[in-house]
Amino acid sequence: MYRPLLQRSSKHLNLSRRYSSNSSVFNWLDPLASNKLFTQEELAIQETANAYCQERMLPRVLDAYRYENYDRKILEEMGEVGLLGATIKGYGCAGVSSIASGLIAREVERVDSGYRSGMSVQSSLVMGGIDKFGTEEQKDRYLPGMAKGKILGAFGLTEPNHGSDPGSMETVAKPHPSKKDYFLISGSKTWITNSPIADVMLVWAKLQSTGKIRGFLIDRAACPPGTLETPDIKNKNGLRASTTGMIQLDECPVPKENMFPSIEGLKGPFTCLNSARYGIAWGTMGALEDCIDRARTYALERKQFKGNPLAKYQLVQKKLVDALTDAAYGILAATQVGRLMDEGRAPPEMISMIKRQNCDRALANARKLQEIFGGNSVSDEYGIGRHVANLFVTQTYEGQSDIHSLILGRAITGIQAFA
Ligand SMILES: Cc1cc2nc3c(=O)[nH]c(=O)nc-3n(C[C@H](O)[C@H](O)[C@H](O)COP(=O)(O)OP(=O)(O)OC[C@H]3O[C@@H](n4cnc5c(N)ncnc54)[C@H](O)[C@@H]3O)c2cc1C
């Protein structure tokens, strides 16, 4: 059973045997003994998240994925367990370390990247943005309800004509002609996780008077008819267990008090994205670990040629070894960056490095592991194809891997190669 994070206490620790490493024995479930680097409290939080995800999410994921049927109650349940906005202090949030939040992402994505995406948007992109850049009044208004999963958030940065290059966005906020201290926002955002069900949308738009990007909190309930539409994007071939849509704004009136007061330019959205990208680096390792677990079980059970299990064959073992090695390295790298983040010593390039590397390796290895399932890999019952399709999306969103290469290339050479 799982216990809400806010009620956690060291006397409730019941550390999982699953990952525990005896110092002299190799444990394929924790090959480089990364668990030794986590505190007792972090391990207890991981166990709580693992129990919730395996007991409550896993049984729903096949149908959710098959029918593109995202159950918004999942965010409420996550709120009850304390998984939302977990690193935020106060406002009903758990106030845990960056490592603990990474371990939560790892457990959620072990089930499905779509569920982790829904959580990341709520926690890192919207709640994180409000916590970092919002006024006290905005924090009081949104954070407690969002922590409980009662108010759902979406983050609108990408536009139909501007994805990797959000600085060229066309969405604009101009002064309302008749209402004092109001803006009219017009523009279109696309590929927005949670938008069809969101109560509040953090939309990035250029202020007409300055041309600078600002963040606006748009309450669905306050938008007059015809000024806000959030159509679903259906028939995706990845991340089907999450809901994705557009945000279409047509002279939508938004009060000035809903604008972040001082953050200007791309620093606002990029700061939110940094924290979400860090979570993706952890989450994709959870998805890869699930692929390894499934492929290992399958290889031990499936027999070909003289009744031998597939696991007996060297080529099959190599696929498992490559994947396990990349997952173990990925966890260690994310752990190092998480600790540095909490000390305020993790520049964005570090996060680019682990987001890029962990997404790329998770996708490449998952594709190789899929081969172990032969024809059965094509059936959604085996789960591996779902992870592969999801991991392609994680490599694409929040900065496609090649864009992170350019960020790192600039850091190495001092030369900007974007344009
Ligand atoms: C399921 C899903 C959920 C999403 N959720 C959200 C969300 O909640 N909020 C949000 O704001 N966005 C979201 N996105 C959008 C996502 O962040 C963008 O798709 C991503 O940033 C890439 O932008 P793009 O699709 O416009 O691709 P483009 O920018 O058109 O890029 C296409 C390809 O060209 C490459 N490329 C682009 N420029 C260069 C260059 N200068 N040099 C070399 N290569 C280049 C890219 O690396 C990429 O491979 C989501 C996307 C998906 C698929």
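## Around the ligand

Let's start with the ligand: 20 residues surround it, and L157, T158, G163, S164 and Q400 come nearest. Here, a residue is near a molecule or strand if its C-beta atom, placed from the backbone, lies within 6 Å of it. Keep in mind that this is a predicted model, where local features need pLDDT of at least 70, side-chain atom pairs count only at pLDDT 80 or more, and totals for chains, interfaces and linings use all residues. Residue numbers start from 1 along each chain, following its sequence as written.

Which elements supply at least two residues each of the shell around the ligand? They are β3 (153-156), β5 (182-193), α9 (384-396) and α10 (401-413). The largest share belongs to β5, with 3 residues of the shell. These labels are DSSP runs numbered from the N terminus: helices are H or I runs of at least four residues, and strands are E runs of at least two.

By class, the shell around the ligand has 10 nonpolar, 8 polar and 2 charged residues. Nonpolar covers Ala, Val, Leu, Ile, Met, Phe, Trp, Tyr, Cys and Pro; charged covers Asp, Glu, Lys and Arg; the others, Gly among them, count as polar. And where does the ligand lie? Domain 2 (153-258) and domain 3 (267-413) both give residues to the shell, so the ligand lies between them.

## The domains and what the record says

The domain assignment gives the protein domain 1 (19-147), domain 2 (153-258) and domain 3 (267-413). Those bounds come from an automatic or database domain assignment.

UniProt has its own entries for parts of the chain, and its positions are given in the numbering used here, with feature names shortened and annotations that may be inferred rather than shown by experiment. In an unreviewed entry, it places "domain: Acyl-CoA dehydrogenase/oxidase N-terminal" at residues 39-150. That span is 74% helix and 4% strand, and its end C-alpha atoms are 31 Å apart.

Residues 154-252 carry the UniProt annotation "domain: Acyl-CoA oxidase/dehydrogenase middle" (unreviewed entry). Over residues 154-252 the chain is 0% helix and 45% strand, with 17 Å between the end C-alpha atoms. For residues 269-412, the UniProt label is "domain: Acyl-CoA dehydrogenase/oxidase C-terminal", again from an unreviewed entry. Residues 269-412 come out at 78% helix and 0% strand, and the end C-alpha atoms lie 24 Å apart.

## Where domain 1 meets domain 2

Taken over C-alpha atoms, the centres of domain 1 and domain 2 are separated by 26 Å. Across the boundary, 22 residues of domain 1 are in contact with 17 residues of domain 2; contact here means that the C-beta atoms of two residues, placed from the backbone, lie within 7 Å.

On the domain 1 side, α1 (40-66), α4 (113-133) and α5 (136-147) each supply at least two of the residues that touch domain 2. The largest share comes from α4, with 12 residues. Sorted by class, this side of domain 1 has 12 nonpolar, 7 polar and 3 charged residues.

## How the strands pair up

Two strands count as paired if DSSP finds at least two bridges between them. Remember β5 from the ligand shell? Strand β4 (residues 172-175) pairs with β5 in the antiparallel sense over 4 bridges. A173 stands opposite I185 in β5, and K174 has L184 as its bridge partner there. The hairpin of β4 and β5 has 6 residues between the strands, and in this hairpin D181 takes a positive phi near 60 degrees.

β5 also runs antiparallel to strand β9 (residues 244-255), joined by 9 bridges. F183 has V254 in β9 as its bridge partner, while I192 stands opposite G245 in β9. β9 pairs with strand β8 (residues 228-229) too, antiparallel and over 2 bridges; there, L228 stands opposite L249 in β9.

Which way do β4 and strand β6 (residues 200-207) run, parallel or antiparallel? They are parallel, joined by 2 bridges. V172 has K206 in β6 as its bridge partner.

## The overall picture

In total, the secondary structure of the protein comes to 10 helices and 9 strands. Along the principal axes, its C-alpha atoms fill a box of roughly 80 × 45 × 45 Å.
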